[in-house]
Amino acid sequence: MDLIKEKSVSEAIQYRRSVRVFKNEALDNEKVKECIRLATLAPTSSNMQLWEFYQITTPEVLEKLTQASFNQNAAKTARQMVVVVARKDLWRKRVQSNVSFLKSQYGEKPPADYSKREKFALNYYQKIVPTLYFDFIGILGALKFLVFQIIGIFKPIYRQARRSDMRIVAQKSAALAAQNFMISMAAINYDTCPMEGFDSLRVKKILNLPSAAEINMIIGCGIREESGVYGERFRVPFEEVYFKL
Ligand SMILES: Cc1cc2nc3c(=O)[nH]c(=O)nc-3n(C[C@H](O)[C@H](O)[C@H](O)COP(=O)(O)O)c2cc1C
């Protein structure tokens, strides 16, 4: 990637707009891929990285995704699409990856020689994370939620342990990655439009995803036609959303 011409973070944030009409101009696959790589550097809850990214470049798949996105403008002219997928269902695999990484950092030594901090980190992934993620058709999650509410009367406790809460956890982190991607694209004068207007079942079928996978966003990508930016940017007054305590 040509680092010299890149915008600063604040310039890229200012430049990014949701673009609904893109130029008939190809994007460099490798540059888009590099922006996806930067997306994966987003912070993620417990470093679980419960996400996947699908870079769509073939006209047939773009066409299918456009139809599944109700033929909306941002999809119709997109030169590529990036589908950000939340994969809460991969939690066991990600626990394993984190545990393997930690052990590789600790070096070859018997578990008895692990420091307190090392033991805590391993325990976190081997006991606490599975306690939060393990569920059975939502029943265990509801039970955990109830127990945590009772403990919460006496001391501060993490309360969001229902199945729906864990879905939000995965979606939240995936959205941060999506934003990293869009800002990285803006930095190199590439444009995007995040979309949640689509038929998620059809999108999952097109991408051959299991039913447990959730589509976080489809991001239309291309280079803006000035007419593809629909008017001035609108934000409610900053004073309405900013509070200082
Ligand atoms: C989660 C999410 C979903 C969105 N879905 C759509 C969509 O389906 N179609 C669309 O044209 N724009 C969509 N947008 C773009 C918003 O309309 C846009 O971000 C907003 O109007 C602010 O404009 P700006 O991005 O140019 O600052 C979505 C944005 C987000 C964050």
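How many helices and how many strands does the chain have? Let's start there, since it gives us a map for everything else. The chain has 10 helices and four strands. One thing to keep in mind as we go: this is a predicted model.

If you walk along the chain from the N terminus, the elements come in the order α-α-β-α-α-β-α-α-α-α-β-α-β-α. As for the overall extent, the C-alpha atoms fill a box of roughly 60 × 45 × 40 Å along the principal axes.

Now, let's look at two places where helices meet.

The first pair is helix 5, residues 91-106, and helix 6, residues 116-133. Their axes are 10 Å apart, and the packing angle is about 180°. An angle over 145° counts as roughly antiparallel, so that is how helix 5 and helix 6 lie to each other. On the helix 5 side, the contact is made by Trp91, Val95, Asn98, Val99, Leu102, Lys103 and Tyr106. Helix 6 brings Glu118, Ala121, Leu122, Tyr125, Gln126, Val129, Pro130 and Tyr133. Sorted by class, this contact of helix 5 with helix 6 has 11 nonpolar residues, two polar and two charged.

The second pair is helix 2, residues 29-39, and helix 8, residues 163-187. Here the axes come within 8 Å and cross at roughly 140°. Helix 2 and helix 8 are therefore oblique to each other, and their crossing is right-handed. If you want to find the contact on your screen, look in helix 2 for Val32, Cys35, Ile36, Leu38 and Ala39. They meet Ala177, Asn180, Phe181, Ser184 and Met185 in helix 8. Eight of the residues in this contact of helix 2 with helix 8 are nonpolar and two are polar, with no charged ones.

Finally, let's turn to the ligand. Which residues are around it? From the early part of the numbering we have Arg16, Arg17, Ser18 and Arg20, and then Gln72. Next comes the run Cys193, Pro194, Met195, Glu196 and Gly197, and Arg233 and Arg235 complete the list.

Three of these arginines are worth pointing at on the screen. The side chain of Arg16 has an N or O atom 2.9 Å from an oxygen atom of the ligand. For the side chain of Arg20, the distance from an N or O atom to a ligand oxygen is 2.9 Å. With Arg233, an N or O atom of the side chain is 3.2 Å from an oxygen atom of the ligand.

That's the tour, and I'm happy to go back to any part of it. Thanks, everyone!

Definitions and conventions: Residues numbered from 1 in each chain as written. Predicted model: local features only at pLDDT ≥ 70, side-chain atom pairs only at ≥ 80, totals over all residues. Heavy atoms only, no water. Axes fitted to C-alpha atoms, helices over the stretch in contact; angles between N-to-C directions. Parallel < 35°, antiparallel > 145°, perpendicular 65-115°, else oblique. Left-handed = near helix turned anticlockwise from the far one by under 90°. Contact = heavy atoms within 4.5 Å. Nonpolar A, V, L, I, M, F, W, Y, C, P; charged D, E, K, R; others polar. Near = heavy atom within 4 Å. Polar contact = N/O pair within 3.5 Å; in protein donor to acceptor, adjacent residues only side chain to side chain.
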